[in-house]
Amino acid sequence: MTELAQLLFQGVALGATYSLIALGFVVVFRASKVVNFAQTAMLLLGAYLVSWLAVDQGIAFAPAVLLAAVLLALGGIGFQAGVLRRVAGQEPFVLVMITLGAGIALIALVEAVFGPEQRPIGDPWAASAVSVGGVTLLWVKVWTIGVVVAALVAYFAFDRFSRYGLAIRATAADEEAAGAVGVPVRRVHMITWALAGVLATLGGVFLAGFPNAAHPTMGDAALRAFPAVILGGLESPIGAVVGGMVIGIVEVLAAGYAPAELGANFHAIAPYLVMMLVLLVRPYGLFGARPVERL
Amino acid sequence: MRAARLMALTGVALVLPFVLSAAWLTTAVFVLVAAIAVTGLNVLTGYAGQISLGHAFFLAAGAYGAVALADAGLPSPFWIPAAGVIAAAFGALAGPLALRLSGLYLALVTLGLVFLGQHVLFNVASLSGGPEGREFPAVSVGSFDFAQDTLAIGPLLVEGNGLYYYLAAALLAATTLYARNLIRTRPGRAMVAVRERPAAAAVMGVDVARTKVVAFVVSSFFAGVSGALYASYVGFAQPGHWDVMLSIQYVAAIVVGGMGSVAGPLLGAVVIFALPSLLRELPFLGETGSGFSASELATIIYGFLIVAFLVAEPRGLVGIGERIRRAGTRMRASVPSSTGGVLTTKEERR
C-alpha cells in the first residue's frame, strides 16, 4: 500500500510535468494549427539556460528561471515571426517538418555547446525530502506539483478572463473571422509562442529536477509528452492536463510493476502503447472532436 | 536528349568505382543504399501524402528479417527480396493505423512504432544481439562472397566495395524505374488523388483505404531491402542505430531532393547521406564531446536544410533545377530570333 502511494505520488509529479509540456503543444496548436515538434528542444534549451545562468553565472535560482523563461519566450516569438509566418496556411506536413527540423538542429546545437555530460540546474531542493506516513515526498516533486497547479490555474484564468485569452479562443475557433472583427491574429500567434517558451522552461526545469539533471537525452523524455497530447486531443487544454496525468501515472506504475518479461525500460514505451490503443478506438483523442469535412 | 542524358548518367555510374578513393566509394555505397529507402518514402509521403516518422522501423524490420533468414541458412538471392517482403508485411500491419488517422496523428503513431521496434530489438538478444549489436552476413551468390572475393572482368578487378556499389546501383535503378512507372498507373494516380483531396478521390471511385495501405506496403518494401543491404554491407548493427534520428534523415532527404519527383530521392540522398563524410574531411571538427563534432554539425545542417527548403523551395533541388532551366529558356527566348522574340517555348506559354 505504501509502495503504491509512493508510486502514485511520483506519477502525479511526473504527470504534472507532462501536463505542462502538453499544454505548451496545445497552446500553439490551438491558435495556429502548428504541431510544435520543437517543443522538446525548447524544453532542453530551457533547462540548459537555467543551468548556465544559475550554476555558471551565479544568479539565484528563481531569477535564473525567470530570465530563462523570458529568453525562451523571445526566442519563440522570433521563430514564429521569422520562419513560421512565411509558411502560414500551408499543409500540416510542411509545418510539422519545419518545427521538427528546427528542433533537431537546436538539440544538436545545445549538445555541441554544452557537451554530452549531465549538468546540475542549481535548484535549491536537491535530494531533500519530507516523509508523510511512510511515503517519501521529495521537495522538488512537491514543488513541481505546486508550481504546475499554479501555472495551470494562471493559464486557465488568462484563457477565460483576459482580453488576449478571448482573442486566442476566437483565433482558435476561426482565424479569418477573428481577423475580420479586429482580433490581432499575428500578435495572438506571437503570444502563444511566448507562452510555449515559458511553459517549456518550467517543464525543462522540473524534468531536470532530482534525481535527474540537464542532459542531452532529455528530449527523449519530453517526447513522451506527445502521447499525453494525443490522448487529450490536440485542441483541448483540459485534455492536455488529463492526458499528462494519465501518461505520468502509467509510466511510473509501469516502472514499478511491469513484469521482467516485458523487457528492460518497458516504462519508456508504455505511454506510446497507451496512445496507440486509444487512437485505434478514438482517432482524434479522448477530448478531440472529429473535424467536419465540407465538400 | 533524354536518352542521351540517361546514357551519360549510366556511364558515369559505371566508371565511378574505378575513380573514387576507397573512402568515397564507401560513401557512395551508403548513398545508393539509402536512396532505395528514400525512393520508398517518397512513394508514401511524396505521392500519397502520408507523413511517416517510422521509416527507421521498416529499415530495421528488413535488416533483422534478412539476418533471421540468413541464420536459417537461406542464400542472399533469397533473403534480400525476402527482407522487402517482411518489411512490407509490417507496413501492411501499420496501414490500418493510417486508415484511422490522418496527418499529425499518423506522424506521432509512426514515431511510436520506432520506439516500440527499438524496445523489442534492445530486449530480444537472440535476434539483435542485445544492446551491443550483432554481426550481419555479407551478400554471397553461390560460393562467391561479396566481402572477401574479387570479381575479374577481363583486366578489371572489382572487389567488396565495388561489388556492393554495383548491386546497390542496380537495385536503385530498378526501384527508380518502378517509382517512375507507378506514378503513371492507376494505383499511382490514386495515391496523388488521395494526397490532394481524399474526399474528392473517394467520390471519383478511388478506394482511399486500399490506396493508403498500398502506399505503406510499397514504401516499407523498399525500406526493408535498403535496411538489409545496409546491415550486410556494414556487417554489424546495434539496436541504437534504428532510431528516430534515422527516420528524420530520410524525411530530410525527400524534402531536400524534392517530394513527389522521380529524381528527387537520389539528389536528396546524395546531399543527406554524403554530408557526414564530407564534414569529416573538415580539419577543425573534433570528436564527439569537445565542441562541434561532425555528427552534431551534420544534424544541425539537416535541420537547417529542412527548414530552409520548406520555406524557400518546397519542391526541393528538383524545383531549383527547374527554375534554373526556365530562367535559361527565358534568356534565350528574349534574344530576338527568327520568330521575332515572340515567346513560343512550352515553358513560357504556361
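Let's start where chain B meets chain A: the count of salt bridges between these two chains is zero. Keep in mind that this is a predicted model, so everything below describes a computed picture.

**Where the two chains meet**

Even without a salt bridge across it, there is plenty to look at in this contact. It takes 37 residues from chain B and 46 residues from chain A. The size of an interface is often given as the accessible area lost when the parts come together. Here, the area buried between chain B and chain A is about 3,700 Å², and carbon and sulfur atoms give 82% of it. On the chain B side, the residues that lose the most area to chain A are Arg100(B), Tyr105(B) and Leu108(B), which together make up 18% of what that side buries.

What about polar contacts? Across the interface of chain B and chain A, the rule finds one residue pair in polar contact, with both residues at pLDDT 80 or more. If you want to find the chain B side in the picture, look for helices α4 (76-100), α5 (103-123), α11 (244-257) and α13 (294-312) of chain B, since each of them supplies at least two residues that touch chain A. Which element gives the most to this side? That would be α5(B), with eleven residues.

**Salt bridges inside the chains**

Side chains of opposite charge can pair when their charged atoms come close. Over all chains, the structure holds nine salt bridges. Here are three of them, with the N to O distance for each.

| Salt bridge | Distance (N to O) |
|---|---|
| Arg119(A) and Asp56(A) | 2.8 Å |
| Arg323(B) and Glu313(B) | 2.9 Å |
| Glu322(B) and Arg315(B) | 3.1 Å |

Take the chain A pair, where Arg119(A) and Asp56(A) meet. This pair links distant parts of the chain: Arg119(A) sits in the loop between α4 (92-114) and β1 (129-132) of chain A, while Asp56(A) belongs to helix α2 (residues 39-56), and the two are 63 residues apart. Are these partners buried or exposed? Arg119(A) counts as buried because its relative accessibility is 16%, under the 20% cut-off. Asp56(A) has a relative accessible area of 42%, so it is partly exposed.

Now hop over to chain B, where the side chains of Arg323(B) and Glu313(B) meet in a salt bridge. Arg323(B) lies in helix α14 (residues 316-334) and Glu313(B) in the loop between α13 and α14 of chain B, so this pair ties together parts that are ten residues apart in sequence. Arg323(B) is partly exposed at 47% relative accessible area, whereas Glu313(B) is buried at 5%.

In the Glu322(B) and Arg315(B) bridge, Glu322(B) is partly exposed, with a relative accessible area of 29%. Arg315(B) also counts as partly exposed, at 39% relative accessibility. These chain B bridges are joined up, too: Glu313(B), Arg315(B), Glu322(B), Arg323(B) and Arg326(B) are linked in a network of salt bridges.

**A nonpolar patch on chain B**

Next, a look at the surface. Leu14(B), Val15(B), Phe18(B), Val19(B), Leu151(B), Ile153(B) and Leu156(B) form a nonpolar patch there, with about 630 Å² of accessible area together. Two elements of chain B, α1 (2-19) and β4 (151-153), each supply at least two residues of the patch. Of the contributors, α1(B) gives the most, with four residues.

One member worth finding is Leu14(B), which lies in helix α1 of chain B. Leu14(B) is partly exposed because its relative accessible area is 48%, between the 20% and 50% cut-offs.

**Two buried residues in chain B**

Helix α1 of chain B is also the place of Pro17(B). Unlike a partly exposed residue, Pro17(B) counts as buried, with 13% relative accessibility. Leaving out residues up to four places away in sequence, Pro17(B) touches Leu25(B), Tyr165(B) and Tyr166(B). Pro17(B) and Thr45(B), on the other hand, are 28 residues apart in sequence and 32 Å apart in space, C-alpha to C-alpha.

Finally, find Thr175(B) in helix α7 (residues 160-182) of chain B. Thr175(B) has a relative accessibility of 4%, so it counts as buried. What does Thr175(B) touch, not counting residues up to four places away in sequence? Its contacts are Ile36(B), Thr39(B) and Phe222(B).

Note on methods: Residues are numbered from 1 along each chain as its sequence is written. Chains are lettered from A and ligands numbered from 1 in the order in which they are written. This is a predicted model: local features need pLDDT of at least 70, side-chain atom pairs count only at pLDDT 80 or more; totals for chains, interfaces and linings use all residues. Side-chain values use heavy atoms; hydrogens and water are left out. Patches are made of residues with over 30% relative accessible area and no salt bridge: like charges are joined within 9 Å, nonpolar side chains (Val, Leu, Ile, Met, Phe, Trp, Tyr) within 5 Å. Accessible areas come from the Shrake-Rupley method with a 1.4 Å probe; for residues, only the protein chains shown count as cover. A salt bridge is a side-chain nitrogen of Lys or Arg within 4 Å of a carboxyl oxygen of Asp or Glu. Buried means under 20% relative accessible area, exposed over 50%, partly exposed in between (1.4 Å probe, protein chains only). Contact means heavy atoms within 4.5 Å. Buried area is the accessible area (1.4 Å probe) that two parts lose on being put together, summed over both. A polar contact is a pair of N or O atoms within 3.5 Å; within protein, one must be able to donate a hydrogen and the other to accept it, and residues adjacent in sequence count only if both atoms are side-chain atoms.
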